[in-house]
Amino acid sequence: MYKEQIIRAGRTEEHALYHSIRYNQNGSGKGEKRAKRSKPTSERQALVNRKRAERILTRLLNANFGRNDLYATWTFSKDKRPGDPEKFKQIVQGLLKALRKLFGKLGIPFRYIWVGERGERGAEHIHMVMTGIDIRMLQPLWPYGYVTCANLDPSGSYRKLAAYFIKYSDKTMRTEGRLQGKRYNPSHGLIHPEPEKTRIRKRKTFRTDDIKVPAGWYLERDTVECGISDVTGYEYLYYTLVMLPDYIPTKSNRKLKS
């Protein structure tokens with residue numbers, strides 16, 4: 001049996017077409033060609049885990065943030081670097097407390113995802129995607145250095161930003177071990193997109209030529225993957241569709257769930 005999984009997050013749709021393992025294990029999928037599975041090496045498994053973390057973070061970013069929100073980097077002056085993980089955590093908690101207070105006064109819900117970075121030379125940073133606000137209100141909350149901010153791009157697809165966040169966490173784990181307890185740190189109350197699964201008709205192969213892109217959308221080509229799954233030994237196809245920045249869905253053309 002074949003299935004298609006769709007995860008709708010903001011202005012994106014993540015599609016995965018694959019064979020159902022459970023169905024084939026029950027014996028109903030006889031005749032399906034299956035490649036021999038091999039046990040992944042520790043290096044290969046690390047790459048798989050990293051990709052999974054990137055995809056989950058991408059969904060969170062796509063579902064909760066957009067062009068009016070900010071990507072902020074909080075930088076420490078050399079003489080004000082915390083120098084150890086515990087002090088770093090205390091500073092982050094103090095910053096979040098100050099931000100919550102500020103947003104509370106403005107009557108705006110505060111959403112964020114942050115990740116810590118510590119370079120090989122000891123420079124520490126806090127990278128944060130957060131609810132949009134007048135950036136002039138941020139610097140007074142940060143006595144440790146300076147703040148740089150930029151609005152998120154209007155695409156609504158933040159896969160590359162998610163990859164940067166995971167890269168920062170990788171670097172920090174190499175240089176510091178555990179500057180933070182997790183790869184990234186989200187606020188409470190964020191939308192966590194859930195997959196929708198449907199059965200699809202049997203097909204001989206999962207071909208990229210079979211990808212259908214509806215009007216008002218485009219295929220994010222860097223996301224296209226097809227081949228044999230290391231986990232199941234069966235073919236799969238994976239890709240992401242993104243709504244064009246100025247496209248507004250209607251009932252007559254396409255309904256976007258978020």
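**A sheet and its aromatic rings**

Biologist: In S7, which residue is the bridge partner of Trp 114?
Modeller: This is a predicted model. Two bridges join strand S4 (residues 112-118) to strand S7 (residues 185-186). The two strands run antiparallel. In S7, Trp 114 has as its bridge partner Asn 185.

Biologist: How many bridges join S4 to strand S5?
Modeller: S5 covers residues 124-130 and runs antiparallel to S4. One partnership places Arg 118 across from Glu 124 in S5. The bridges that join S4 to S5 number seven.

Biologist: Which residue in the turn between S4 and S5 has a positive phi?
Modeller: S4 and S5 form a hairpin. Five residues lie between the two strands. In that turn, a positive phi of about 95° belongs to Gly 122.

Biologist: Is S4 largely enclosed by the rest of the structure, or is it open?
Modeller: Buried means under 20% relative accessible area. Tyr 112, Trp 114, Gly 116 and Arg 118 point one way from S4, and Ile 113, Val 115 and Glu 117 point the other way. Both groups are buried. Seven of the seven residues of S4 are buried, so the strand is largely enclosed.

Biologist: What is the order of the strands in the open sheet?
Modeller: The sheet has five strands, with antiparallel pairing. Its edge strands are S6 (145-151) and S7, as each pairs on one side only. Further in, S3 and S5 pair over six bridges. The full order is S6-S3-S5-S4-S7.

Biologist: Which residue in S5 stands opposite Trp 74, and which strands does helix H3 touch?
Modeller: Opposite Trp 74, in S5, stands Ile 126. H3 packs on the sheet, and its direction makes about 30° with that of S5. The strands that H3 touches are S3, S4 and S5.

Biologist: Are the rings of Phe 76 and Phe 88 stacked, edge-to-face or tilted?
Modeller: The structure holds 10 aromatic pairs. Phe 76 and Phe 88 have ring centres 6.2 Å apart. Planes under 30 degrees apart count as stacked and over 60 as edge-to-face. The planes here are at 45°, so the pair is tilted.

Biologist: How far apart in sequence are the parts that this pair ties together?
Modeller: Phe 76 and Phe 88 are both buried. Phe 76 lies in strand S3 (residues 70-76) and Phe 88 in helix H3 (residues 85-106), so the pair ties together parts separated in sequence by 12 residues.

Biologist: What is the angle between the planes of Trp 142 and Tyr 144?
Modeller: Trp 142 is buried, with a relative accessible area of 2%. Tyr 144 is partly exposed, at 28%. Their rings form an edge-to-face pair, 4.9 Å centre to centre. The angle between the planes is 65°.

Biologist: Which residue lies over the face of Tyr 238?
Modeller: The distance to the ring centre is 3.5 Å. Over the face of Tyr 238 lies Arg 55.

Biologist: Among the elements of the chain, which has the lowest mean pLDDT?
Modeller: The chain averages a pLDDT of 85, and 83% of the residues score at least 70. Over residues 23-29, pLDDT stays under 50. Where pLDDT is low, predicted coordinates should not be read in detail. S3 has the highest mean, 97, while the lowest, 53, belongs to helix H1 (residues 21-25).

Conventions. Residues are numbered from 1 along each chain as its sequence is written. This is a predicted model: local features need pLDDT of at least 70, side-chain atom pairs count only at pLDDT 80 or more; totals for chains, interfaces and linings use all residues. Side-chain values use heavy atoms; hydrogens and water are left out. Buried means under 20% relative accessible area, exposed over 50%, partly exposed in between (1.4 Å probe, protein chains only). Helices (H or I, at least four residues) and strands (E, at least two) are DSSP runs, numbered from the N terminus. Two strands pair if DSSP finds at least two bridges between them. Rings of Phe, Tyr and Trp (its six-membered ring) pair if their centres lie within 6.5 Å; planes under 30 degrees apart count as stacked, over 60 as edge-to-face and the rest as tilted. A charge sits over a ring if NZ of Lys or CZ of Arg is within 6 Å of the ring centre and within 35 degrees of the ring normal. pLDDT is the predictor's confidence in each residue, from 0 to 100. Contact means heavy atoms within 4.5 Å. Axes are lines fitted to C-alpha atoms, for helices over the stretch in contact, and angles run from 0 to 180 degrees between N-to-C directions.
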